Amino acid sequence: MSETPLSPAVPVSDADLLARTVTAVRAAGSALRERFGDVVPHRTREELMRALAANDDTALDILRPRLTDLRPDAGWVEDELDGGALPAGEWWVVDPAEGNVNHLHALPEWAVTATLVRENQPVLTAVHLPLTGETYTALAGAGAHVDGRPLHVSGTADLGLGIVATSQARPDEDEKVVQRVGSSITAMLFDALVVRTSVPASLHLLNVAAGRIDAFWQFAGARADLLPGALLVTEAGGRISDAEGRPWTPRSESFLAAAPGVHAGAVATLSR
């Protein structure tokens with residue numbers, strides 16, 4: 001069942017919207033957790049795509065009616081791989097199974113995310129990890145939290161002492177982007193203490209916000225895998241930019257989230 005719709009005549013705070021969004025992503029996560037277990041076999045690309053779609057549909061059947069009840073006039077981003085700016089107004093940017101391929105391979109790194117974007121700025125986000133039960137949240141101007149506990153980025157001031165991470169935006173990436181990813185990993189292997197490479201992006205960004213990882217970067221990118229983490233890291237005291245240090249927007253061709261003490265060093269490394 002969906003939640004009781006909010007009356008358009010009664011002003012609703014973003015904090016209340018976030019609380020209700022948390023309820024929605026937790027419900028969707030519970031449904032996906034019930035589907036998690038053995039590796040799902042697939043012999044062809046078509047079989048893989050059907051399995052991915054089945055997971056998405058399971059979560060969306062819960063998320064879409066609940067979030068639409070919360071903001072009936074908000075737009076809805078259908079494709080989690082889409083990038084670029086959104087039209088004016090409010091939009092729900094949702095990844096119903098962030099790390100869907102991991103889920104199908106019985107790997108634990110997956111989540112459910114929902115972000116409300118207003119005039120191309122994320123104003124609230126909820127990221128739920130069904131296997132641990134944790135829910136990471138951020139509200140613009142009010143900080144980032146995990147299950148109510150405040151999040152803070154790391155105080156590391158030397159990239160050479162830092163753990164950094166990267167991810168790929170999509171499986172069939174442009175060759176130039178793939179080459180840039182490879183060269184950036186090589187550069188970071190020289191300059192950082194440890195380099196982690198895996199998907200999905202949102203889980204790396206949770207770790208940046210929590211101070212466990214010092215920086216995360218990605219070339220290309222999709223709104224659904226970067227917007228939640230961008231808000232979480234910003235509200236946890238981190239810095240967001242593109243790989244050259246310029247202000248990041250959904251139109252940017254690269255993304256960097258880092259603790260303030262290592263941001264400049266990460267930009268220098270990625271710009272080589």
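**Exercise 1. The five-stranded sheet**

Determine the strand order of the open five-stranded sheet in this predicted model, and state which strands form its edges.

*Solution.*
Step 1. The open sheet has the order S9-S8-S10-S12-S11, and its pairing is mixed.
Step 2. The edge strands are S9 (194-197) and S11, each of which pairs on one side only. From one strand to the next, the twist averages 15°.
Step 3. The parallel sense is found between S8 (residues 163-166) and S9, which pair over four bridges. Within this pair, alanine 165 has arginine 196 in S9 as its bridge partner.
Step 4. The antiparallel sense is found between S10 (residues 215-219) and S12, over five bridges. Strand S11 (residues 239-241) also pairs with S12 in the antiparallel sense, over three bridges.
Step 5. Alanine 258 of S12 serves as a register mark: alanine 215 stands opposite alanine 258, and arginine 239 has alanine 258 as its bridge partner.

**Exercise 2. The surroundings of strand S12**

Establish how many residues of S12 are buried, and which helices lie across this strand.

*Solution.*
Step 1. Strand S12 covers residues 254-258, and five of its five residues are buried.
Step 2. In a regular strand, side chains alternate between the two faces of the sheet. Accordingly, Ser254, Leu256 and Ala258 point one way from S12, while Phe255 and Ala257 point the other way; all are buried.
Step 3. Helix H5 (residues 201-209) lies across S8, S9, S10 and S12, and runs at about 155° to S10.
Step 4. Helix H7 (residues 260-270) lies across S10, S11 and S12, and runs at about 150° to S12.

**Exercise 3. An aromatic pair and a loop aspartate**

Classify the ring pair of tryptophan 248 and phenylalanine 255, and decide whether aspartate 242 is buried or exposed.

*Solution.*
Step 1. Three aromatic pairs are found in the whole structure. In the pair of tryptophan 248 and phenylalanine 255, the ring centres are 5.1 Å apart and the planes stand at 85°. An angle over 60 degrees counts as edge-to-face, so this pair is edge-to-face.
Step 2. Ring pairs link Phe216, Trp248 and Phe255 into a cluster.
Step 3. The cut-off for a buried residue is under 20% relative accessible area. Tryptophan 248 counts as buried because its relative accessibility is 16%; phenylalanine 255 counts as buried at 0%.
Step 4. Aspartate 242 is located in the loop between S11 and S12. Its relative accessible area is 5%, so aspartate 242 is buried.
Step 5. With neighbours within four places in sequence left aside, aspartate 242 is in contact with Pro247, Trp248, Ser252, Ser254, Phe255 and Leu256. Both rings of the edge-to-face pair thus belong to residues in contact with aspartate 242.

**Exercise 4. Helix H2**

Test the length of helix H2 against its expected span, and identify what its buried residues pack against.

*Solution.*
Step 1. Helix H2 has 26 residues (residues 45-70), and at 1.5 Å a residue it should span 38 Å. The end C-alpha atoms are 36 Å apart, which agrees with that expectation.
Step 2. The helix H2 bends by about 35° at leucine 60.
Step 3. An α-helix has 3.6 residues a turn, so residues three or four places apart point the same way. The buried residues of H2 include Leu48, Leu52, Asn55, Ala59, Leu63, Arg66 and Leu70.
Step 4. The buried residues of H2 pack against helix H1 (14-34), strand S1 (75-77), strand S2 (90-98), helix H3 (100-104) and strand S3 (111-118).

How values were computed: Residues numbered from 1 in each chain as written. Predicted model: local features only at pLDDT ≥ 70, side-chain atom pairs only at ≥ 80, totals over all residues. Heavy atoms only, no water. Helix = DSSP H or I, 4+ residues; strand = E, 2+ residues; numbered from the N terminus. Expected span 1.5 Å × (residues − 1). Bend = angle between axes of the 7 residues up to and from the residue. Buried < 20%, exposed > 50% of the residue type's maximum accessible area, 1.4 Å probe, protein only. Contact = heavy atoms within 4.5 Å. Phe/Tyr/Trp six-rings, centres within 6.5 Å; stacked < 30°, edge-to-face > 60°. Pairing = 2+ DSSP bridges. Axes fitted to C-alpha atoms, helices over the stretch in contact; angles between N-to-C directions.
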